[in-house]
Amino acid sequence: MGMTMTQKILAAHAGLESVTAGQLINAKLDLVLGNDITTPVAVNEFKKAGFDGVFDKDHIAIVLDHFVPNKDIKAAEQSKQCREFACEHCISHFYDVGKMGIEHALLPEQGVVTAGDCIIGADSHTCTYGAVGAFSTGVGSTDMAAGMATGMAWFKVPSAIKFELSGKLPKNCSGKDLILTIIGMIGVDGALYKSMEFTGEGVKTLSMDDRLCICNMAIEAGAKNGIFPVDEVTEKYLEGRAERKGRKFEADKDADYEQVIGIDLSKLVPIVSCPHLPENTKPAKELGNIKIDQVVIGSCTNGRLEDMEAAYNTLKGKKVADGVRVIIIPATMQIYKECIRRGYAEAFVDAGAVISTPTCGPCLGGYMGILAKGERCIATTNRNFVGRMGHVESEVYLASPYTAAASALTGYITEPSL
Amino acid sequence: MNAQGKVFKYPDNVDTDVIIPARYLNTSNAEELALHAMEDIDTGFVKKVEAGDIMVAGYNFGCGSSREHAPLVIKTNKVGCVIAKSFARIFYRNAINIGLPILECPEAAEKIDAGDEVSVNFDTGVIKDITKGLEFKAQPFPDFIQNIINKGGLLASLKK
């Protein structure tokens, strides 16, 4: 029996000829990641366990992104703890305010992750890097501590669901509409413990920003990882960017999949996930009577340049609806600068939106856009759980940047017409 | 090893944002975090829970964020065991890594009700609902994972 793409990467990193679903392996890691919320717990565990040093200072990334620029004194103390650990162990990929970005937008952009990598991160959206053909999965802080010390992690080899994509997305849809459609189809535990492997002719029509968004939300279907094949789009993206030479792995022709799901991209419509689970999906056009108080365009899911471009194309020369607060958060400093250079920033302000420095902020109800009781937000973020963006009686609707920006102009959930 | 206590019952898809809301994650102090456990889904949980009590839930318990703070606040509130129909994978891993006992048993999770007195034997995987006089058998852990649990968590298991 052949192996899936994920299984091939895992086998190579475990030093094995082949692996099968369910097998427990120890694999060598190319990168161990943490942020300002998960790293302090990992540092405490690392010290408690009495490790002398890290396995490789160049293969650990610590990104301060959840609560920076620091939202309060306690957050500042946590950032300080991360900073001191990074300094003590000479961590080369340490990103503080001024250099930082939202981790899952920043690390691909900076070429810290590459094709064929085996990566763990103490952040559930670490599955994002499957977009560049890596095996990458979220873990907790103790796994991060062990990974930093040993450069190894244990895994149960996952089985996989194959998504055979065909056609091309309509103009008013993006990768977000595809992943929300899939989560609506299979449910929030539809891929529990499994890989989501995206293949088919439709793949080549998806940009890297779309692929990053799609893999980012694999965890929202319970998946261990999401992964795209390495093709021309990947190679072009990694060229001149990746700091390490990547390795191209391909699924075997006779690989075993638990399920194969075919999706014609041209048939998709703008989709919104209604409260309080990402699987509660409905076409945007059916939700026109839902009035909104806030719009958030940003996050590790949709804070990339194409997302900013979608917001710009919708908002330029127009005004956001009265009574709607629009918060736009470019995910990295490079994207932030590009928004200024291209005139997006000015257009956003003219439209009545605000622009924040990169932060996870409102996505997880940290700061920078918290909702009051009874308020409603349409957001390009990834979770709409109870209380996720603020009060337990507030509501979050998940959508693409096109849909979020179109809704900002009307004050109601609106299907974008591009 | 055993646990016995009264049951707190929860539905499917209990996410880590309701187990410990992110607005409190500006600290990694377990005692401080534990004061807010479950507050968005079960107000007053921390006042009602007693050492050894048992959480019983539906499918996909602990979905969402990778925050280890989630199993940590449950453990710090001295919950004896979490029984669920299934666990989200990162929560499952984190619970094992930090030594919070968890058991997957769909039948027990279906039939046990809130307030029941339940005992769990971790060596045999036998779950007893003393109130109802019912007995269930949880799926055993693979040896590899049992070894991590026996040694007291991942970091302890790495020590030679």
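Is helix α5 of chain A largely enclosed by the rest of the structure or open, and how many of the ten residues of α5(A) are buried? The legends below take up this question together with the overall folds, the sheets and the contacts.

The model is a predicted one, in which local features need pLDDT of at least 70 and side-chain atom pairs count only at pLDDT 80 or more, while totals for chains, interfaces and linings use all residues. Residues are numbered from 1 along each chain as its sequence is written, and chains are lettered from A and ligands numbered from 1 in the order in which they are written.

**Figure 1. Helix α5 of chain A and its surroundings.** Nine of the ten residues of α5(A) are buried, so the helix is largely enclosed by the rest of the structure; a residue is called buried if 20 or more other C-beta atoms lie within 10 Å of its own, exposed if 12 or fewer, and partly exposed in between, with C-beta atoms placed from the backbone. The buried residues are A:Ser141, A:Thr142, A:Asp143, A:Met144, A:Ala145, A:Ala146, A:Gly147, A:Met148 and A:Ala149. Just after α5(A), A:Gly151 takes a positive phi of about 75 degrees. Helices (H or I, at least four residues) and strands (E, at least two) are DSSP runs, numbered from the N terminus.

**Figure 2. The side of chain A that touches chain B.** The contact takes 41 residues from chain A and 36 residues from chain B, where two residues are in contact if their C-beta atoms, placed from the backbone, lie within 7 Å. On the chain A side, α2 (38-48), α3 (73-88) and α5 (141-150) each supply at least two residues, and the largest share, six residues, comes from α5(A). The residues of this side divide into 19 nonpolar, 13 polar and nine charged, with Ala, Val, Leu, Ile, Met, Phe, Trp, Tyr, Cys and Pro counted as nonpolar, Asp, Glu, Lys and Arg as charged, and the others, Gly among them, as polar.

**Figure 3. The two domains of chain A and their contact.** Chain A is divided into domain 1 (5-264) and domain 2 (272-410), with bounds that come from an automatic or database domain assignment. The C-alpha centres of domain 1 and domain 2 of chain A lie 24 Å apart, and the contact takes 35 residues from domain 1 and 32 residues from domain 2. On the domain 1 side that touches domain 2, α4 (103-109), α6 (175-186) and α7 (208-216) of chain A each supply at least two residues, and the largest share, six residues, comes from α6(A). The residues of this side of domain 1 divide into 14 nonpolar, twelve polar and nine charged.

**Figure 4. The five-stranded open sheet of chain A.** The strands have the order β4-β3-β2-β5-β6 with parallel pairing, two strands being paired if DSSP finds at least two bridges between them. The edge strands, each of which pairs on one side only, are β4 (93-95) and β6 (135-138) of chain A. Neighbouring strands of this sheet are turned by 10 degrees against each other on average, direction ignored; axes are lines fitted to C-alpha atoms, for helices over the stretch in contact, and angles run from 0 to 180 degrees between N-to-C directions. Three bridges join strand β3 (residues 60-63) to β4(A), which run parallel, and the bridge partner of A:Val63 in β4(A) is A:Tyr95.

**Figure 5. The four-stranded open sheet of chain A.** Here the order is β10-β9-β8-β11, again with parallel pairing, and the edge strands, each pairing on one side only, are β10 (225-227) and β11 (259-264) of chain A. Neighbouring strands of this sheet are turned by 20 degrees against each other on average, direction ignored. Six bridges join β8 (residues 160-166) of chain A to β11(A), which run parallel, and A:Glu164 has A:Gly262 as its bridge partner in β11(A).

**Figure 6. The folds of chain A and chain B.** Chain A has 13 helices and 18 strands, and buried residues make up 61% of its 418 residues. There are eight helices and seven strands in chain B, where buried residues make up 49% of the 160 residues.
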